[in-house]
Amino acid sequence: MPEKSKYKIVVLGDVGCGKSALVKRFVRNEIVRTYDPTIEDKYVKKMEFRGNLVELEIVDTSGKVCRFRGFGLGNLKKNGNYWRISS
Ligand SMILES: Nc1nc2c(ncn2[C@@H]2O[C@H](COP(=O)(O)OP(=O)(O)O)[C@@H](O)[C@H]2O)c(=O)[nH]1
Ligand SMILES: [Mg+2]
């Protein structure tokens, strides 16, 4: 199998829109029914994608991070991958 590729992903979206639930389902196949406010959590998932081994480092944010000055989606679009979850 080819060498492992690494990707960093930041998950953004309003508070309570389902970011953590989506990440936990993706990383651990876990279904979350309770609301536990996130400060910031980091997950690592290794998986095979289209025949390649990939390592994903996923940062699940609180939702409030989007309101910080200079943390615009424009910067993220230029500098990396992002998931935007909206309800
Ligand atoms: N019905 C439904 N509830 C969801 C879904 N995703 C998340 N939730 C619920 O919405 C609440 C907030 O989700 P959470 O992932 O913690 O929100 P976050 O603040 O964006 O991380 C939790 O009680 C989840 O169980 C969904 O797709 N459908
Ligand atoms: Mg959360």
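How many bridges join S2 to S3, and do the two run parallel or antiparallel? Ten bridges join them, and the strands run antiparallel. This is a predicted model, and the report below starts with its overall plan.

## Overall plan

The chain has 87 residues. Its secondary structure comes to two helices and four strands. Along the sequence, these elements follow the pattern β-α-β-β-α-β.

Few residues meet the burial criterion: 7% of the chain counts as buried. Contacts reach across the sequence. Among those with a separation of 6 or more, 64% are between residues 24 or more positions apart.

## Confidence

The mean pLDDT of the chain is 83. A value of 70 or more is reached by 70% of the residues. Confidence is highest in H1, at 95. Confidence is lowest in strand S4, residues 81-84, with a mean of 64. Where pLDDT is low, the predicted coordinates should not be read in detail.

## Strand pairing

S3 covers residues 52-61 and pairs with two strands. S1, residues 5-12, is joined to S3 by seven bridges, and these two strands run parallel. One pair in this register is Lys6 of S1 with Glu55 of S3.

S2 covers residues 40-49. S2 and S3 run antiparallel, with ten bridges between them. Tyr43 has Ile58 as its bridge partner in S3. Phe49 stands opposite Asn52 in S3. S2 is hardly covered: among its ten residues, the count of buried ones is zero.

## The S2-S3 turn

S2 and S3 form a hairpin, with two residues between them. Arg50 is in this turn. What is the sign of phi at Arg50? The angle is positive, near 50°, in a residue other than glycine. Is Arg50 buried or exposed? Arg50 is exposed, because the count of other C-beta atoms within 10 Å is 5, and a residue with 12 or fewer is exposed.

## Helix H1

H1 runs from residue 19 to residue 28. Which of its residues are buried? They are Lys19, Ser20 and Val23. These three lie on the same side of H1, because they cover an arc of only 85° around the axis. An α-helix has 3.6 residues a turn, so residues three or four places apart point the same way.

What does this buried side pack against? The buried residues of H1 pack against strands S1, S2 and S3.

Asn29 comes just after H1, in the loop between H1 and S2. Phi at Asn29 is positive, near 55°, and the residue is not glycine. Asn29 counts as exposed, because it has 7 C-beta neighbours inside 10 Å.

## The loop before H1

Gly16 and Cys17 both sit in the loop between S1 and H1. Gly16 counts as exposed, because it has 12 C-beta neighbours inside 10 Å, and the exposed class takes in residues with 12 or fewer. Cys17 is partly exposed, because 15 other C-beta atoms lie within 10 Å. That count falls between the exposed limit of 12 and the buried limit of 20.

Where does this loop meet a distant part of the sequence? Gly63 is the residue to check. Gly16 and Gly63 are 47 residues apart in sequence, and their C-alpha atoms are 8.1 Å apart. For Cys17 and Gly63, the separation is 46 residues in sequence and 8.8 Å between C-alpha atoms.

## Around ligand 1

How many residues surround ligand 1? The shell holds 14 residues. The closest are Gly18, Lys19, Ser20, Ala21 and Tyr35. Two of these, Lys19 and Ser20, are also among the buried residues of H1.

By type, the shell divides into five nonpolar, seven polar and two charged residues.

Terms used
Residues numbered from 1 in each chain as written. Chains lettered and ligands numbered in written order. Predicted model: local features only at pLDDT ≥ 70, side-chain atom pairs only at ≥ 80, totals over all residues. Arc of directions from axis to C-beta. Contact = placed C-beta atoms within 7 Å. Near = placed C-beta within 6 Å. Nonpolar A, V, L, I, M, F, W, Y, C, P; charged D, E, K, R; others polar. Pairing = 2+ DSSP bridges. pLDDT = per-residue confidence, 0-100.
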